[in-house]
Amino acid sequence: MNRVKILCLLLVLGGLFSVAPSTTQAIQAVDFERDIRPLLHARCVECHGAEKQKSGLRLDTKSSAMKGGVSGAAIIPGKSAESELIRRITSTDKAEMMPPTGERLTPREISLLKAWIDAGANWPEENTANVPAASKRADKATWWSLQPLAKVEPPMRSGIPAAWDKSPIDRFIFARLAERGLQPNPPADRRTLIRRVTYDLTGLPPSPEEVEAFVDDPDPQAYEKLVDRLLASPRYGEQWGRHWLDVVRFGESKGFEQNHVINNLWPFRDYVIRSFNEDKPFNRFIIEQLAGDVVGRGNPAIEVGTAFLVCGPYDSVGNQDAVQQKIIRANTLDDLITATSNAFLGLTVNCARCHNHKFDPIPTEDYYRLRAAFEGVIHSERVLATDEEKQRYAAKAGPLETQKAELTKEKQALDKSIAVRAKERAAQVQNYKLPVINRYFNEHRFAPTSARYLKFKVLAHSDNPKSGVNARLDEFEAWTKNRNVALASYGTKASGASSRKAEDVAGADAYGVELINDGKFGERWFIANPAELTLTFPKTETIERIIFSHDRTSKPGEAGAGLGPYVTEYQVLVSVDGKTWKAIADSSVRPPLNEAHTIERFGREVATPEEQQKLKLLETELARLNRELKAIPALPTVWAGKFEQPKEITYVHKGGDPGRRGNDVRPSSLAVLDRGPKSFELAADAPESERRLALANWLASDENPLTARVIANRIWHYHFGTGIVDTPSDFGYLGGKPTHPELLDWLARRLQSHGWQLKALHRDIVLSQTYRQSSIYREIAAREDGNTRLLWRFPPRRLQAEEIRDTMLSLAGKLNLQMGGPGFRLYRYLEDNVATYVPLDQHGTETFRRAVYHQNARSSLIDGLTDFDLPDNASAAPSRISTTSPLQALTLLNHPFTLAMADALAARVQAEPTEAARVRRAFALAFQRQPTAEEEAAAMQLIAGHGWRAFGRAMLNANELLYVH
């Protein structure tokens, strides 16, 4: 029965259904030698191998792996859900999760292990007794990816169809198929082809008018014209720029525990899209991302490329411990090294951080050679403006800054004079009645006083001797002779302004004034302006003393790091009627906290009236200048990094420990590729900018065999769903082997011959017969090549998350094609020390842009995108997984966004004159074809019984919409 009819009938019956893979899509088998053994070696055997067996578990041989360790069997064939291995690698319990430190397994790696176990955990034993160690790792002299690009000619074969004999790509593919006794599929029809190539190059469906024009075009070059039009479309850069953002771990929040949003990283996203649309040579693209500030100084459109270096996760929390600071810095630079080596070289240089790479010929010195190039990169925003813009700003701000500097100097001189006399006056004061203020317990007694109201004015805190705003209090007590009458439980009400509000905490304010009289310690009131607390007692009381604290749970002498400033200067007032107030106590009976507080307290006493008047005038004038400076439009700042000359020579960290100093290392090319591009070595103290530029030029060299191979493979990967090498960012020993190595080298050289411009390579690929063949499933061919790696057919694929959302908007006629600028959010952003991202149930029209413009934050769940495997950009996603889950079906059926799009689709087709015409229009929009008679009848029946919304939901849930063939 037709898929659309089934969907319609399911909706009629009120049933739920899940999004299932197309029935023509072959199930991808897991190969132990290709997928599992390298994964176990890379992620497990360091702790569970021949040399070390933590918890008695060894995972490098079949017998020991099946036996398990102290926790029992790690692998239960056919039962991944019951296997201890799967439980540990998916656990979030720090006491149980594996690996216990470092990067967790990726969703793809976990899926591979689950699939392998569920399929029976096939593990062919190998006889390793006589296998030399060298054969278990890549060798620099012979490993395929490290060799110079081969000059290859496409093979000539008899029996090749004429259409397949025109393109070198087709000749390579056909020859490999012939070796396995396979034949390619016939060409796809024009409707299928325009849908395929339009989604592929732009990420959007073709319009019905575009489809019909192409189908009816008699020109033999109709397809070539279509491809050229799509490559020239600005939608191309949005689609292929999005792929690159996956590769470079682009995320608009900092990650780690705080995960604060970054609001000025979007210019890098726009730069990437613009670079693809302009067909910028890829080697130039590399240079700009590593050294755009050097090669494009004064040109923000180029300088912004360096945001590549800092668009990954960044630990901004900080640490006061010097050892931890070095470790955090090492981890920060490790992200840059990993991103660069993975994205451009397809090498896991990061695996050489602690020792020589276990599987690839990468010495640990290579890791630190890359670190030396990035030693001066600082995660930060910087001004990106042209010289003319900077000059215009300076012309406006310069005179004001000069005036400000002169007045500031005059004020500092006056402050200094007053400070000298203030300290002299303070030295004359002896025998304070109370001790110096502290953060853990302060008591102030006074003569018994009647009060219905009490006011506690905060005049200063430990970080600011001039203001109490932003101080903290955890508890305030007001005592009669024997009772604390300030407690809320007694009926007393506390009021005061809070400087911070936790919107992500339900119930009481996490920083509100009610915390100061709840009888509990540890949670603090954050004091705002006016910095005063008012207590209203249930009745008039006779008050004898107050007690207040910042952290009652601390001990004398404890630093209280991270708890904020505490009250240091105060005044206590009482009132019977709430109108007339009487001061009864203040902090003048205590020694000032420090010199700054001493100067502030006694400065008011020793300053003459003339000096006080002068200070007031200076402060007024400085405030005016600051207002005028603030009114000048600021130069744009972008999170693109700052660069400083390194303060010390880079050295090898033995075992990855910054505290164990090894040999010094210079900024230089990598030894692993010493047979490729011309090497370079700079002085140990080379200028910071020269380091990054030298590395960028080395990476972008025509002589570097990896760079061209890696990007050519990425292009192939996105066109066919899998690369010639199926691990796009790992061309090492643990990565996949190329299915067509000669073709890969031909593509790499072809790219170079095109001046590294990607559009020409796209054109070569999508014009090939390999790309244009149908996706029809043939069981005999699938038995020989179940994963379609040899490309006997075009591999069908499900639309990616962004494509699904963009498609819904497009079908509904709601897609806003505005390009560039700050992104939209499908979440509510809350920030209270740490960030919280709350998914939106309702998506307003301001969100109806292409999904590439969504402000994707790390570790955030986005309705409609996360459900369809939008990767978490905590790390790079060189290839995406494609899962099937009930949640996907529920999202497509019931999410308010889906319902809104179903309504909009129904409204869009109402312009047609008849019900049948409206159904046909909907089919043309969604599927690029007309419905069959059976489909049309089923649709009409559904609409008659359940309305147009039900029909719209059915259309948006159809596999034919969600899959490209």
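**Close-up 1. Asp832 and its salt bridge with Arg500 in the predicted model.** Asp832 is buried, its relative accessible area being 10%. Its partner Arg500 is partly exposed, at 25% relative accessible area. The closest N and O atoms of Asp832 and Arg500 are 2.7 Å apart. Asp832 belongs to strand β16 (residues 827–832), while Arg500 sits in the loop between β6 (493–495) and β7 (525–526), so the salt bridge ties together parts that are 332 residues apart in sequence.

**Close-up 2. The salt bridge between the side chains of Arg421 and Glu611.** The N to O distance here is 2.5 Å. The pair links distant parts of the chain, 190 residues apart: Arg421 lies in helix α17 (residues 387–428) and Glu611 in helix α19 (residues 609–631). Glu611 counts as buried because its relative accessibility, 15%, falls under the 20% limit. Arg421, with 24% relative accessibility, counts as partly exposed.

**Close-up 3. The salt bridge between the side chains of Lys140 and Asp674.** In this pair, N and O are 3.1 Å apart. Both residues are found in loops: Lys140 in the one between α5 (107–118) and α6 (168–179), Asp674 in the one between β14 (661–664) and α20 (688–699). The pair links distant parts of the chain, with the two positions 534 residues apart in sequence numbering. Lys140 is partly exposed, with a relative accessible area of 28%. Asp674 is also partly exposed, at 45%.

**Close-up 4. A network of salt bridges that includes Glu84 and Arg87.** The other residues linked in this network are Arg88 and Glu96. In total, the structure holds 60 salt bridges.

**Close-up 5. Phe951 in the largest nonpolar core.** This core has 171 residues. Phe951 is one of the five that touch the most other members, together with Tyr223, Trp244, Phe268 and Trp716. Neighbours within four places in sequence aside, Phe951 is in contact with Val919, Ala922 and Phe923, and also with Ala939, Leu942 and Ile943.

**Close-up 6. Another core, lying apart from the largest one.** This second set comprises 31 residues. Among them are Ile437, Leu535, Tyr566 and Val574.

Conventions. Residues are numbered from 1 along each chain as its sequence is written. This is a predicted model: local features need pLDDT of at least 70, side-chain atom pairs count only at pLDDT 80 or more; totals for chains, interfaces and linings use all residues. Side-chain values use heavy atoms; hydrogens and water are left out. A nonpolar core is a set of buried Ala, Val, Leu, Ile, Met, Phe, Trp, Tyr and Cys residues joined through side-chain atoms within 4.5 Å. Buried means under 20% relative accessible area, exposed over 50%, partly exposed in between (1.4 Å probe, protein chains only). Contact means heavy atoms within 4.5 Å. A salt bridge is a side-chain nitrogen of Lys or Arg within 4 Å of a carboxyl oxygen of Asp or Glu. Helices (H or I, at least four residues) and strands (E, at least two) are DSSP runs, numbered from the N terminus.
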